[in-house]
Amino acid sequence: MRYLTLEELEKKYIVGKVEQFDQKNDMYRRSRWQPEVRGLWAKLWEESPPQNKPGYTLKDRALENALWYIENGFAVGNSKEGYGLYSWESGPTDKYHVLPSDLKEKVTDPAEMSRIVKKVARLAGADLVGICQLDRRWLYSHIYDCRTREYKVLEVPPEINYAIAFAVEMDHDLIKTSPTCIGGAGAGLGYSKHAYTAGILAEFIRNLGYKAIPAGNTTGLSVPIAISAGLGELGRHGMLITYEFGPRVRLAKVLTGLPLQPDTPVEFGVTQFCEKCKKCAQHCPAQAIHYGERTDKPLNISNNPGVLKWPIDAEKCLRFWVRNGSTCGNCIRVCPFNKEPGWLHDMVKWGVSDLPWLDSFFVWTDGLFGYDKQLRPEEYWAKMKS
Ligand code: SF4
Ligand code: SF4
């Protein structure tokens with residue numbers, strides 16, 4: 001594991017001018033307004049009733065809907081800004097849990113406050129937590145409300161200058177069933193957990209007398225914020241790869257003006273490894289993942305120029321989801337960094353970090369041991385019964 005200065009981080013990823021991303025151009029939103037892809041998101045859900053097919057049955061869909069319940073009922077971060085658990089202000093509570101608004105905790109030691117904040121985040125369900133100075137390039141320039149179609153400039157108050165990034169682990173077995181509804185349940189549980197965690201953490205900070213904006217996929221781009229906060233590196237599949245869980249995490253953040261101490265970005269061999277490994281691209285049913293070198297050239301308006309990465313074709317990805325009748329996480333499932341804890345996997349991670357000439361060998365053995373194989377839905381439910 002190597003620690004990077006902010007200059008080194010910038011050099012690693014930024015090759016041109018980075019404009020703030022307009023949320024209207026993310027794939028979910030494009031399917032609301034862009035004629036070529038209009039209606040795809042609605043079609044995925046409205047035309048995908050339970051089927052008599054393992055992984056897509058009523059029981060599978062019931063599990064998926066249940067595990068999405070907190071996110072879909074009380075946060076809706078995929079559709080709206082600042083609602084429910086992601087509200088920018090304190091939500092409804094009883095009168096006994098409201099403190100006078102002029103109280104403010106004096107922070108004399110930001111390092112100590114950072115330790116406390118991380119502890120609270122973990123108490124509330126975070127598995128990994130990091131802090132960075134807020135880089136406003138990663139905030140959305142505009143936001144688009146999927147429910148009301150309201151489109152407006154995003155204004156984050158100037159006193160908000162830190163981001164607390166956190167990750168929640170997604171269940172290994174659920175994700176291993178991807179691309180079925182059970183796999184979608186794994187994503188849903190991650191979304192529900194991080195909404196809950198973000199809401200609690202933001203409320204703690206507000207009760208200390210500081211502004212706090214909890215955000216899942218809302219407000220800004222979680223992956224670059226998490227990288228700046230030292231949670232991991234960018235993978236070929238466009239997701240964060242953490243040292244602990246690989247890409248099998250969901251990311252959220254709380255933006256705040258509470259004085260904190262930033263963490264340091266890290267590097268543990270992911271970029272070089274992804275240059276050798278193309279498993280996510282090979283196992284992508286939509287062929288939406290770039291096989292070539294990193295580039296900052298966008299494929300379409302859902303990619304942000306200026307950042308060196310392997311661009312994802314989100315249109316192809318969403319079209320596959322519609323054909324599939326559920327979401328997909330194959331790129332997470334097959335990634336060699338997606339492993340359960342264990343000494344053997346820790347040794348391999350050390351090798352990837354320190355012996356990059358072995359990367360091709362590690363990719364080959366990963367396939368040899370069948371780590372990329374799907375857990376069949378019937379096997380998943382059999383394990384549930386035992
Ligand atoms: S979610 Fe599935 S379809 Fe989309 S990029 Fe990943 S593997 Fe491909
Ligand atoms: S599957 Fe391989 S290429 Fe894709 S993100 Fe994971 S390590 Fe990188």
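Reader: In which helix is the place of phenylalanine 74?

Author: Phenylalanine 74 lies in helix α5, a helix being a DSSP run (H or I) of at least four residues, numbered from the N terminus. The model is predicted, so local features need pLDDT of at least 70 and side-chain atom pairs pLDDT 80 or more, while totals for chains, interfaces and linings use all residues. Residues are numbered from 1 along each chain as its sequence is written, chains are lettered from A and ligands numbered from 1 in the order in which they are written, and side-chain values use heavy atoms, without hydrogens and water.

Reader: What makes Tyr69, Ile70, Phe74, Tyr196 and Ile200 a nonpolar surface patch?

Author: Patch residues have over 30% relative accessible area (Shrake-Rupley, 1.4 Å probe) and no salt bridge (Lys or Arg side-chain nitrogen within 4 Å of an Asp or Glu carboxyl oxygen), and nonpolar side chains are joined within 5 Å. These five residues therefore form a patch, of about 490 Å². Elements giving two or more residues are α5 (69–74) and α8 (181–207); the largest share, three residues, comes from α5.

Reader: Why is Cys284 counted in the shell around ligand 1?

Author: A residue is near a molecule if one of its heavy atoms lies within 4 Å of it; Cys284 therefore belongs to the shell, which also includes Trp321 and Asn330. The largest share, three residues, comes from α12.

Reader: How do the shell residues around ligand 1 divide into nonpolar, polar and charged?

Author: Ala, Val, Leu, Ile, Met, Phe, Trp, Tyr, Cys and Pro count as nonpolar, Asp, Glu, Lys and Arg as charged, and the others as polar. The shell holds nine nonpolar residues, one polar and no charged.

Key: Patch = residues over 30% accessible without salt bridge, like charges linked within 9 Å, V, L, I, M, F, W, Y side chains within 5 Å.
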